[in-house]
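Biologist: Hello! Could we go through this model together, one question at a time?
Modeller: Gladly; here it is.

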Amino acid sequence: MPFRPKIAADYRTMLWTMVFTPGFVAAQYARPDWVPYLTWFSIYFAIACGVIAHNHNHRPTFAKKWENGFFSNWISIFYGYPVFAWVPTHNLNHHKYVNTPGDATITWRFTNSHNAFVAFTYFFVSAYYQATPIKQYISKAKQTNPSLYRRIIRQYVICFGGQALALVIALALHGFKTGVYVWFFAMGLPAMISLWTLMLFNYDQHVHTDPWSEHDHSRSFVGKLTNFLVFNNGYHAAHHEKPSAHWSTLAEENAKIAPFINPVLQQKSLAWYWFKQYVLALFIPSLGTKQIGRGPWNPPDGKKVSLDTADVEAEESGTNAERFRVPA
Ligand SMILES: [Zn+2]
């Protein structure tokens with residue numbers, strides 16, 4: 001039978017991406033009057049497609065290459081961007097440099113202050129700087145790896161073509177005004193919010209952490225509900241220390257290292273942390289995060305740092321880059 005996941009926990013991944021995600025879109029297409037109630041679900045499921053894309057790029061969900069390729073293309077449509085882009089920006093870059101110089105997604109590029117303005121605009125800074133490794137990866141694939149290059153182009157066509165087709169179907173079903181309305185709230189807006197939210201997750205997982213430390217390099221969110229909703233993407237320290245571990249094992253991996261982690265980096269609920277950081281800390285500053293350790297711009301070897309993004313290679317496999325370490 002095709003599409004049998006390698007790990008049984010991924011039946012839930014399939015239920016989320018192949019049933020609920022398209023199901024809530026279809027319901028809004030069938031009943032535009034339900035859009036105000038159902039768009040929230042589509043926003044959540046688009047975010048779920050993003051965290052699932054992250055898991056899938058580290059550890060492909062299915063046994064066969066074509067199944068994994070099909071799955072990547074499918075979730076790209078709802079996530080709103082071709083998910084191969086995670087490989088150059090996240091797997092091969094962020095995992096190696098972990099918020100230190102060389103990482104395209106550093107949280108401290110213009111300021112190390114942590115407030116709602118910096119967090120909410122981080123998407124634009126991060127997206128701008130991620131364009132460099134993405135372009136480099138595509139041009140290296142074009143030169144040295146034609147089959148990878150073809151898959152990348154195909155994914156761009158399917159992702160944006162899929163969104164365009166969804167718009168055409170909405171227009172055909174409901175005419176211009178209602179068609180645009182239905183597409184926007186069922187497909188377009190959820191994808192935009194998903195991209196923005198995934199970058200905010202990355203920001204919150206690293207801002208004010210200590211990348212030079214053995215275990216304090218990431219902020220984890222360890223609550224059960226948070227991790228149920230985001231397929232264990234809350235266990236970020238454990239994920240960085242074992243990027244090839246299946247997402248379903250990350251609670252156990254986190255339990256092994258939790259005693260060695262600064263307790264402020266083991267937050268329970270993501271929603272409570274956001275409220276505390278972006279609302280309460282405005283009135284009670286001591287509730288906000290503080291830089292732990294010497295700061296990512298200040299390596300223990302005392303070398304001068306550059307904010308340029310490190311080069312990436314267009315490799316097919318080996319997408320679990322080792323953490324780069326500076327001898328203390
Ligand atoms: Zn990762």
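Modeller: One definition before we start: a crossing of two helices is right-handed if the near helix is turned clockwise from the far one by less than a right angle, and left-handed if anticlockwise. Please also keep in mind that this is a predicted model.

Biologist: Thanks! With that in hand, which hand does the crossing of α2 and α4 have?
Modeller: The axes of α2 and α4 come within 11 Å and cross at roughly 65°. On the α2 side, the contact is made by Ala53, His54, Asn57 and His58, and on the α4 side by Trp86, Val87, His90 and Asn91. The crossing of this pair is right-handed.

Biologist: And what is the hand of the crossing of α2 and α3?
Modeller: Here the axes come within 8 Å and cross at roughly 145°. Residues of α2 in the contact include Cys49, Ile52 and Ala53, while α3 brings Phe71, Ser72, Ile75, Phe78 and Tyr79. The α2 and α3 crossing is left-handed.

Biologist: Which helix gives the most to the largest nonpolar core?
Modeller: That core has 51 residues, and Ala46, Cys49, Ile75, Phe78 and Tyr79 touch the most other members. Helices that each supply at least two residues include α1, α2, α3, α5 and α6. With ten residues, the one that gives the most is α2.

Biologist: Ile75 caught my eye there. Which residues is Ile75 in contact with, leaving aside its neighbours within four places in sequence?
Modeller: Ile75 is among the core residues that touch the most other members, and Ile75 also takes part in the contact of α3 with α2. Beyond its sequence neighbours, the contacts of Ile75 are Thr17, Cys49, Ile52, Ala53 and Val83.

Biologist: Does the loop between α3 and α4 hold anything for us? Is Ala85 buried or exposed?
Modeller: Ala85 lies in that loop, between α3 and α4. Its C-alpha is 9.4 Å from that of Ile138, although 53 residues separate the two in sequence. A residue needs 20 or more other C-beta atoms within 10 Å to count as buried. Ala85 has 23, so the verdict is buried.

Biologist: Now the opposite test: is Lys224 buried or exposed?
Modeller: Lys224 is in helix α7, and its C-alpha is 8.2 Å from that of Lys268, 44 residues away along the chain. The cut-off for an exposed residue is 12 or fewer C-beta neighbours. Lys224 has 11 inside 10 Å, so Lys224 is exposed.

Biologist: On to backbone angles. What is phi of Asn99?
Modeller: Asn99 is found in the loop between α4 and α5. Asn99 counts as buried because it has 24 C-beta neighbours inside 10 Å. Its phi is positive in a residue other than glycine, near 70°.

Biologist: And what is phi of His208?
Modeller: His208 sits in the loop between α6 and β1. With 22 C-beta neighbours inside 10 Å, His208 counts as buried. Phi of this residue is again a positive value outside glycine, near 65°.

Biologist: Last one: where is the kink in α10 centred?
Modeller: α10 has 14 residues, which at 1.5 Å a residue should span 20 Å, and its end C-alpha atoms are indeed 20 Å apart. The helix nevertheless has a kink of about 35°. The kink is centred on Lys276.

Conventions. Residues numbered from 1 in each chain as written. Predicted model: local features only at pLDDT ≥ 70, side-chain atom pairs only at ≥ 80, totals over all residues. Helix = DSSP H or I, 4+ residues; strand = E, 2+ residues; numbered from the N terminus. Expected span 1.5 Å × (residues − 1). Bend = angle between axes of the 7 residues up to and from the residue. Core = buried A, V, L, I, M, F, W, Y, C linked by C-beta atoms within 7 Å. Contact = placed C-beta atoms within 7 Å. Axes fitted to C-alpha atoms, helices over the stretch in contact; angles between N-to-C directions.
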